Amino acid sequence: DAEAAPQREKRPGELRLISVARIAVEKNTLFAIGCLQGLSGDITFDLYGPVYDQAYWQRCQLAIAALPTNIKVSHRGVIGPEKVPALFADYHALFMPSQGENFGHSMAEALATGLPLLISDRTPWRGLEEKQAGWDLPLNDAAAFAYATRRLVAADRVQYDRWSNGAFAMGKRYLSDPETVERSLALFTR
């Protein structure tokens with residue numbers, strides 16, 4: 001049982017984002033891609049999950065093609081759930097501004113590996129910024145997502161480790177007593 005978050009290399013000016021969700025309107029993939037437009041730094045955003053809606057994916061591909069060369073978005077296909085936690089070690093944040101989640105299992109798994117979340121305020125995972133575990137932001141505020149992303153890009157190892165440790169602590173609380181957390185989360189989703 002680890003006491004500290006796994007260490008990730010983090011240099012200012014670089015950011016590796018991941019999404020583990022189907023490519024679909026309700027997962028807000030297109031919005032996430034749009035939030036990266038105009039950001040500086042060496043940014044990669046890898047999408048894992050099935051394409052749920054071909055027409056929507058085509059719109060996403062057009063948005064990806066319009067991004068500047070410093071931002072690379074790739075669809076990496078579908079991954080088995082057992083491989084997800086190990087995969088998180090290669091990234092700096094889970095970027096999933098979905099239009100709503102009842103629970104968000106990939107979010108819980110990300111936190112448990114010390115991966116900060118950059119998500120919407122429409123999930124049970126709230127108060128992330130106060131806990132230094134990431135950001136839960138309103139979907140009508142793309143500028144807030146861009147600001148949080150810029151902070152992540154600019155972060156050095158010391159700043160990043162604070163967010164990673166905050167995420168890990170939040171994930172650990174959930175893992176040590178998932179029933180308590182799920183009961184309290186149920187209060188928010190009723």
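In the predicted model, the buried residues of helix H2 are covered by elements that include helix H1 (29-36), strand E2 (42-48) and strand E3 (71-75). Helix H2 itself comprises twelve residues, 54-65, and spans 16 Å from its first C-alpha to its last, close to the 16 Å expected at 1.5 Å a residue. Within H2, the residues classed as buried are Tyr56, Trp57, Cys60, Ala63 and Ile64. These residues lie on the same side of H2, because the arc that they cover around the axis is only 115°. Such an arrangement can be read against the general geometry of an α-helix, in which there are 3.6 residues a turn, so that residues three or four places apart point the same way. On the other side of H2, by contrast, Gln54, Leu62 and Ala65 are exposed. At the start of the helix, the backbone nitrogen of Ala55 is approached to within 3.1 Å by a side-chain oxygen of Asp53.

A comparable description applies to helix H6, which has 20 residues and runs from residue 157 to residue 176. The distance from its first C-alpha to its last is 27 Å, close to the 28 Å expected at 1.5 Å a residue. The start of H6 also carries a contact between side chain and backbone, in that a side-chain oxygen of Asp156 comes to within 3.1 Å of the backbone nitrogen of Val158. The buried residues of H6 are Tyr160, Asp161, Trp163, Ser164, Gly166, Ala167, Phe168, Met170, Gly171 and Tyr174.

Aromatic contacts were then examined, and a search of the whole structure returned five aromatic pairs. In one of these, Trp125 and Tyr174 are arranged edge-to-face, with 5.9 Å from centre to centre and 85° between the planes. This pair links distant parts of the chain, since Trp125 lies in the loop between strand E5 (117-120) and strand E6 (134-137), whereas Tyr174 belongs to helix H6, 49 residues apart. Trp125 has a relative accessible area of 3% and is therefore buried, and Tyr174, with a relative accessible area of 10%, is likewise buried. A further edge-to-face pair is formed by Trp135 and Trp163, for which the centres are 5.0 Å apart and the planes make an angle of 65°. This pair, too, links distant parts of the chain, with Trp135 in strand E6 and Trp163 in helix H6, 28 residues apart; both Trp135 and Trp163 are buried. Elsewhere, ring pairs join Phe31, Phe45, Phe95 and Phe145 into a cluster. In addition, Arg22 is placed over the face of Tyr52, at 4.7 Å from the ring centre.

Two residues with hydroxyl-bearing side chains were also considered individually. Ser19, located in strand E1 (residues 14-20), counts as buried because its relative accessibility is 9%. When residues up to four places away in sequence are not counted, Ser19 touches Phe45, Asp46, Leu47, Tyr48, Leu94, Phe95 and Met96; Phe45 and Phe95 are also members of the phenylalanine cluster. Thr149 is situated in helix H5 (residues 142-154) and is buried, its relative accessible area being 0%. With neighbours within four places in sequence left aside, the contacts of Thr149 are with Leu15, Leu17, Leu36, Leu39 and Leu118.

Key
Residues are numbered from 1 along each chain as its sequence is written. This is a predicted model: local features need pLDDT of at least 70, side-chain atom pairs count only at pLDDT 80 or more; totals for chains, interfaces and linings use all residues. Side-chain values use heavy atoms; hydrogens and water are left out. Helices (H or I, at least four residues) and strands (E, at least two) are DSSP runs, numbered from the N terminus. The expected span of a helix is 1.5 Å times one less than its number of residues. Buried means under 20% relative accessible area, exposed over 50%, partly exposed in between (1.4 Å probe, protein chains only). The arc is that of the directions from the helix axis to the C-beta atoms. Contact means heavy atoms within 4.5 Å. A polar contact is a pair of N or O atoms within 3.5 Å; within protein, one must be able to donate a hydrogen and the other to accept it, and residues adjacent in sequence count only if both atoms are side-chain atoms. Rings of Phe, Tyr and Trp (its six-membered ring) pair if their centres lie within 6.5 Å; planes under 30 degrees apart count as stacked, over 60 as edge-to-face and the rest as tilted. A charge sits over a ring if NZ of Lys or CZ of Arg is within 6 Å of the ring centre and within 35 degrees of the ring normal.
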